[in-house]
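Trainee: Please take a close look at the salt bridges in this model for me. I would also like to know how they fit into the rest of the fold.

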Amino acid sequence: MRTQRYIAGKIFQALLTLLFILTFNFFLFRILPGDPVAVLTKTQGVELSAEQQEELAIELGLREPLPQQFVGYLGDMLQGDLGLSTLVDPGTPVTEVFLRDLPKTLILVGTSTIASIALGIVLGIYGGWKRGRALDMSSMTGSLFLYSMPEFVLGILLLLLFTKYLHLFPSGGYSSVTGNLTGVAYVVDVVNHMFLPWLTLTLAYVGEYYLVMRSSLLDVLGEEYITLARAKGLRDKFVLRRHAVRNALLPTVTLVALSFGFVLGGAITVELVFSYPGVGKLSLDALRKQDYPVLQGTFLFFSMAVLIANLIADIVYGYFDPRVRAMR
């Protein structure tokens, strides 16, 4: 019952946060300066009379009272209707535009996050267990350097190194624009284009996993039960695997879950540097062209990603550490 109450409480908090996000998303793009109808017609190069602009505003529901607009907005959100793109892909549902680019971002972010997690945790475990060794010191220096560097700066440096000077990888895009590649050749071409943005995100986030895992393991190694385990004659590898690492992983579990949400923010700048056609580049294109429906959709997606990741982190952390559930 305690576990059920804990999970129910976290889900209720997530739903309240979702309501706040939807409310913020609704009002954010309605307080921006300028008339959306005037911006739309001006950008598309269409000249409408004042009467035609008013008819278009009524058709879009912009002349209804704000509470009525909000109720209609919530209803559309529950049905998955994010409206139509006005300038990025005129007349196309925002959901369709979004789902067209989402898989590319998920592949890039998902694989790079998994790689940075695995590398960071392994190096953090070794660094904490073999503190002060050469590998630990070099890993610490490299992690601090990468952790402090913005993603787009790292991406530009890698772009200059591997594309301009070494000529090993293409400068951007998702696949080659020339040639009709299929099968294995197409997969190799996509991987070749995706490698540099993937390497950028992997290196940019490996440092935080290393630092958190190393610090957490050092704290655990100072606990009394570790000293007792060693006093009982247990081998160091057994103490590390069965006692130290399992407890030191708790803070890292939270960081891992949250990173899947927050790393999408870093993917925006990386996709821009490498012209990678994902959700991040889509949001920048929508911002440049002032496509408010697409902007609302991408903002809602990024917010939902962080919210869901946070909910998963809370539930997983409560599962691994019963003390969290006991405080509820």
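**A charged trio and its surroundings**

Mentor: Let's begin with Lys281, which is partly exposed at 24% relative accessibility; that class lies between buried, under 20% relative accessible area, and exposed, over 50% (1.4 Å probe, protein chains only). Before going on, please keep in mind that this is a predicted model, where local features need pLDDT of at least 70 and side-chain atom pairs count only at pLDDT 80 or more, while totals for chains, interfaces and linings use all residues. Residues are numbered from 1 along each chain as its sequence is written, and side-chain values use heavy atoms, with hydrogens and water left out.

Lys281 pairs with Asp285 in a salt bridge, with the closest N and O atoms 3.4 Å apart; the term needs a side-chain nitrogen of Lys or Arg within 4 Å of a carboxyl oxygen of Asp or Glu. The two residues are 4 apart in helix H11 (residues 279–289), so about one helical turn separates them. Helices here are DSSP runs of H or I with at least four residues, strands are runs of E with at least two, and both are numbered from the N terminus. Asp285 has another partner in Arg288, at 3.1 Å between the closest N and O atoms. Arg288 also lies in H11, 3 residues from Asp285, again about one turn of the helix. Arg288 is exposed, at 56% relative accessibility. Through these shared partners, Lys281, Asp285 and Arg288 become one salt-bridge network.

How many salt bridges does a search of the whole structure find? There are 3. Besides the H11 pairs there is Asp136 with Arg214, whose side chains meet at 2.8 Å, N to O. Asp136 belongs to helix H6 (residues 134–148) and Arg214 to helix H8, so this bridge ties together parts that are 78 residues apart in sequence. Both of these residues are buried.

Now for the wider setting. The protein chain has 13 helices and 0 strands, and 39% of its 328 residues count as buried. H8 matters for the next topic too, the nonpolar cores: sets of buried Ala, Val, Leu, Ile, Met, Phe, Trp, Tyr and Cys residues joined through side-chain atoms within 4.5 Å. In the largest one, with 39 residues, Ile125, Leu201, Leu217, Leu240 and Ala244 touch the most other members. Among the elements that give two or more residues to this core are H5 (94–129), H8 (183–221) and H10 (236–273). H8 contributes the most, with 13 residues. Another core lies apart from this one and has 14 residues, including Val97, Leu284, Val294 and Phe302.

H8 and its neighbourhood offer one more contact to look at. Leu211 sits in H8 and is partly exposed, with a relative accessible area of 22%. Its C-alpha is 6.5 Å from that of Gly124, although the two residues are 87 apart in sequence.

Finally, have a look along H5. This helix has 36 residues and spans 50 Å from first C-alpha to last, close to the expected 52 Å, a figure that comes from 1.5 Å times one less than the number of residues. H5 bends by about 35° at Leu102, with Pro103 following within four residues; the bend is the angle between axes fitted to the seven residues ending there and the seven starting there.
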